[in-house]
Amino acid sequence: MSFTVPDEQIIEWRRHMHANPELSFKEVNTSQWVEDLLRGMGIETSRPTPTSVLGVLKGTGKGPAKNIGLRADMDALPVHEETGEEFTSTVPGVMHACGHDTHTAMQLGAAKVLSENTDLFGGTVTFVFQHAEELNPGGAQEMVKAGAMEGLDGIFALHVMNAPVGTVQVRPGPATSLAGGGWITIQGQGSHGSMPQNSIDRFSSRRRWSWGSTRSCPAAWIPRTSWLSTRA
């Protein structure tokens, strides 16, 4: 199997997208740009939601008749860019600070390579360009409800990491984690110093809760005391 990776074009796509970021659920221009590029490659497209895109490419070669999905996210973050790069964000207060411009550009590169080499694989490749990844439950839930995942035998996603150029890192199961948060209010009750047994000490309760949680939760879920508020 031999093919050429369109390096320069992928860089050009990434920089275009980086300079023109759009927030979650507002990826109007980005999704249209992605759809136009896919159609230019001869890939059939559809819109599960207003700002997401599906591209379907059928192979003509030998191989399992599987339908494999490739997924990339497209939304940016409400972050003001101060990098000074020539392709810096042109939208004040919005920036591709989480690599979604890179994810989309790489997936477009994969689409271009595969569209020019359909004889090298059998089955179908579905390119899933997801909107609103940065909000929970965000675009993923909308796309699933719209049927975007129906018929897929498997799906692959990726995230840019700090690794040497030319290498790919893979592992089974979950590969990244989410730092979440919540609020718990512990309401205390005062008492005379001579009768501590009649009080509810909110501070010691907080310490016991925090310590017990760190022992029972996986490391990625360890709570921080800043999650807690106390009041008498």
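**Entry 1. Helix 2 and helix 3**

Is the crossing of helix 2 and helix 3 right-handed or left-handed? I looked this up first, in what is a predicted model. The crossing of helix 2 with helix 3 is right-handed.

I then took the geometry of this pair. Two packed helices are described by the angle between their axes and the distance between the axes. For helix 2 (residues 28-40) and helix 3, I noted an angle of about 15 degrees and axes 10 Å apart. Angles under 35 degrees count as roughly parallel, and helix 2 and helix 3 are therefore roughly parallel to each other.

Next I listed the residues that meet. Helix 2 contributes Trp33, Val34, Leu37 and Leu38, and helix 3 contributes Thr104, Leu108 and Ala111. By class, the residues of this contact between helix 2 and helix 3 are 6 nonpolar, 1 polar and no charged.

**Entry 2. Thr104**

I followed Thr104, which has its place in helix 3. Is Thr104 buried or exposed? Its relative accessible area is 0%, so Thr104 is buried; the cut-off for buried is under 20%.

I also asked which residues Thr104 touches. Setting aside residues up to four places away in sequence, I found Met17, Trp33, Val34, Ala72, Asp73, Met74 and Phe129. Of these, I recognised Trp33 and Val34 from the helix 2 side of the contact with helix 3.

**Entry 3. Helix 1 and helix 2**

I turned to the other helix pair on my list. Helix 1 (residues 7-19) packs with helix 2 at an angle of about 160 degrees, and their axes are 11 Å apart. Helix 1 is therefore roughly antiparallel to helix 2, as angles over 145 degrees are counted that way. The crossing of helix 1 and helix 2 is right-handed.

In this contact, Trp13, His16 and Met17 of helix 1 meet Thr30, Trp33 and Leu37 of helix 2. I recorded the division for helix 1 with helix 2 as 4 nonpolar, 2 polar and no charged.

Trp33 and Leu37 thus stand in my notes for helix 2 with helix 3 and again for helix 1 with helix 2.

**Entry 4. Thr30**

I checked Thr30, found in helix 2. With a relative accessible area of 4%, Thr30 is buried. Leaving aside neighbours within four places in sequence, I found Thr30 in contact with Met17, Asn20, Glu22 and Met74. Met17 and Met74 had also appeared among the residues touched by Thr104.

**Entry 5. The sheet**

In what order do the strands of the open sheet stand? I read the order 1-2-4-3-5 for its 5 strands, with mixed pairing. Strand 1 (44-46) and strand 5 (154-157) each have a single partner strand and stand at the edges, so one side of each lacks a neighbour in the sheet. The twist from one strand to the next averages 20 degrees.

I went through the pairs in turn.

- Strand 1 and strand 2 pair in the antiparallel sense over 3 bridges; they form a hairpin with 6 residues between them. Ser46 has Leu54 in strand 2 as its bridge partner.
- Strand 2 and strand 4 pair in the antiparallel sense over 6 bridges. Leu54 has Val128 in strand 4 as its bridge partner.
- Strand 3 (residues 67-73) and strand 4 (residues 124-130) pair in the parallel sense over 7 bridges. Gly69 has Thr126 in strand 4 as its bridge partner.

**Entry 6. Helices on the sheet**

Which strands does helix 3 lie across? Helix 3 (residues 100-115) lies across strand 2 (53-58), strand 3 and strand 4, and runs at about 150 degrees to strand 3. Helix 4 (residues 138-145) also packs on the sheet, where I found it touching strand 2 and strand 4. The direction of helix 4 makes about 135 degrees with that of strand 4.

**Entry 7. Ile155**

I closed with Ile155, placed in strand 5, one of the two edge strands. Its relative accessibility is 41%, so Ile155 counts as partly exposed.

How far apart are Ile155 and Leu70 in sequence and in space? They are 85 residues apart in sequence, and 5.7 Å apart in space from C-alpha to C-alpha. Apart from neighbours within four places in sequence, Ile155 is in contact with Gly69, Leu70, Arg71, Val128 and Met149. Among these, Gly69 has its bridge partner in strand 4, and Val128 is the bridge partner of Leu54.

Notes:
Residues numbered from 1 in each chain as written. Predicted model: local features only at pLDDT ≥ 70, side-chain atom pairs only at ≥ 80, totals over all residues. Heavy atoms only, no water. Pairing = 2+ DSSP bridges. Helix = DSSP H or I, 4+ residues; strand = E, 2+ residues; numbered from the N terminus. Axes fitted to C-alpha atoms, helices over the stretch in contact; angles between N-to-C directions. Contact = heavy atoms within 4.5 Å. Buried < 20%, exposed > 50% of the residue type's maximum accessible area, 1.4 Å probe, protein only. Parallel < 35°, antiparallel > 145°, perpendicular 65-115°, else oblique. Left-handed = near helix turned anticlockwise from the far one by under 90°. Nonpolar A, V, L, I, M, F, W, Y, C, P; charged D, E, K, R; others polar.
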